[in-house]
Amino acid sequence: MKGSLTGNVYLVGGGPGDPDLLTVKAHRLIRCADVILYDALVPPAILALAGTHAAVVNVGKRCGAKGITQAEIEALMIESAQRGLQVVRLHGGDPSIFGRLAEETDALEAAGISFEVVPGITAAIAAAAQIGVSLTDRRKSSRVVIVSGHRAPQNAPEEKVDWKDLAHAETTLVIYMPGNNFTILREELLAAGLHPRTPAVIVSHATTPSERHRFTTLGELEKLPRMESPAVLLIGRSLEHAQRRSNRRHLAHAFDEAELIISSL
Ligand code: SAH
């Protein structure tokens, strides 16, 4: 894809992890890119789709490139494009959800570099699909709220989530970066008026071979086992059916085990 004086930058959503969930366009762009700047959440199976000529650079903040700043990522994109290279900035999930897309497009625009955003399947959509849940349900949930549970400590007071404003019996809450301590979240959501029996589920590594999920209720949120990051926490009545389905499965499993034990006596 070399040739033009200035290359393009594609800000591409790599989806939640399963390479089969890439869009055809994302797949094509990854295959043809000269430079791929990827997030920590993008798995090796997706990076393996890159051409052999491509420079594939980890700009994720979790591992490998801990020291890299957002300004350095932006500079890398701009310099590569100015050298006439086709750049794919590969985000986990969708670039527009907690991905600093706005900062990156601002920087590209200021540098006069043309860019295109290619959407990907975000974790909320992927997690819901994996547990067979409809995020909206005209009988139970008329809105979906995507919110980050993570707050940088220095920004804590200003960025405090107003759960009262977000929590509503007819809302499905999807909390990204939920952490592992749900004491405050539980208290605030109960104080906001949600019923303690409102279903909740945590889904870790959605769509990957390490996927795990666990249902509970808002009242028992603190009893959730520690789940590995990346994970999303979903809360809302739209989960009721999936929760019952999961309980039935657990019960059937427990009966099978009991039967095995009894028959071996
Ligand atoms: N742009 C990404 C989100 C980046 S923020 C997206 O659209 O999905 C990183 C957070 O996303 C993680 O901490 C986690 O909360 C969530 N996440 C990303 N991939 C996930 C996955 N496969 N399973 C569960 N949560 C995931």
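Strands S1 and S4 run parallel and are joined by five bridges. Across this pairing, tyrosine 10 has valine 88 of S4 as its bridge partner. The model described here is predicted.

S4 also pairs with S2. This pairing is parallel too, over four bridges. Here isoleucine 36 stands opposite valine 88 in S4. Valine 88 of S4 is therefore bridged to tyrosine 10 and stands opposite isoleucine 36, while Val88 itself is buried.

The burial of S4 extends along the strand. Five of its five residues are buried, so S4 is largely enclosed by the rest of the structure. Both faces are covered. Val87, Arg89 and His91 lie on one side, and Val88 and Leu90 lie on the other. Part of the setting of S4 is helix H3, residues 70-82. H3 lies across S1 (9-13), S2 and S4 (87-91). The helix runs at about 155° to S4.

These strands belong to an open sheet of five strands. The order is S3-S2-S4-S1-S5, and the pairing is parallel. S3 (55-58) and S5 (115-118) stand at the edges. Each has a single partner strand, so one side of each is left without a neighbour in the sheet. Neighbouring strands of this sheet are turned by 15° against each other on average, direction ignored. At the S3 edge, four bridges join S3 to S2 (residues 35-38), and the two strands run parallel. Tyrosine 38 has asparagine 58 in S3 as its bridge partner.

Another open sheet is also built from five strands. Its order is S6-S7-S10-S8-S9, and its pairing is mixed. S6 and S9 (212-217) are the edge strands. Each pairs with a single strand, so one side of each has no neighbour in the sheet. The twist averages 15° from one strand to the next. Within this sheet, S8 and S10 run antiparallel and are joined by five bridges. Valine 201 has leucine 234 in S10 as its bridge partner.

Helix H5 packs on this mixed sheet. H5 spans residues 123-130. It lies across S6, S7, S8 and S10, and runs at about 70° to S10. Four alanines of the helix are buried: Ala124, Ala126, Ala127 and Ala128. An α-helix has 3.6 residues a turn, so residues three or four places apart point the same way. The buried residues of H5 pack against S6 (143-148), S7 (171-176), S8 (199-204) and S10 (231-235). Glycine 132 follows the helix, with a positive phi near 70°.

At the level of the whole chain, there are nine helices and 10 strands. The C-alpha atoms fill a box of roughly 70 × 50 × 35 Å along the principal axes. Of the 265 residues, 45% are buried. Among contacts with a separation of 6 or more, 70% are between residues 24 or more positions apart. The accessible surface comes to about 14200 Å². Carbon and sulfur atoms account for 54% of that surface. The chain carries 28 positive and 29 negative charges, and their mean positions are 5 Å apart.

Conventions: Residues numbered from 1 in each chain as written. Predicted model: local features only at pLDDT ≥ 70, side-chain atom pairs only at ≥ 80, totals over all residues. Heavy atoms only, no water. Buried < 20%, exposed > 50% of the residue type's maximum accessible area, 1.4 Å probe, protein only. Contact = heavy atoms within 4.5 Å. Areas by Shrake-Rupley, 256 points an atom, 1.4 Å probe, with all protein chains shown as cover. Lys, Arg positive; Asp, Glu negative; His and termini not counted. Charge placed at Lys NZ, Arg CZ, Asp CG, Glu CD. Pairing = 2+ DSSP bridges. Axes fitted to C-alpha atoms, helices over the stretch in contact; angles between N-to-C directions.
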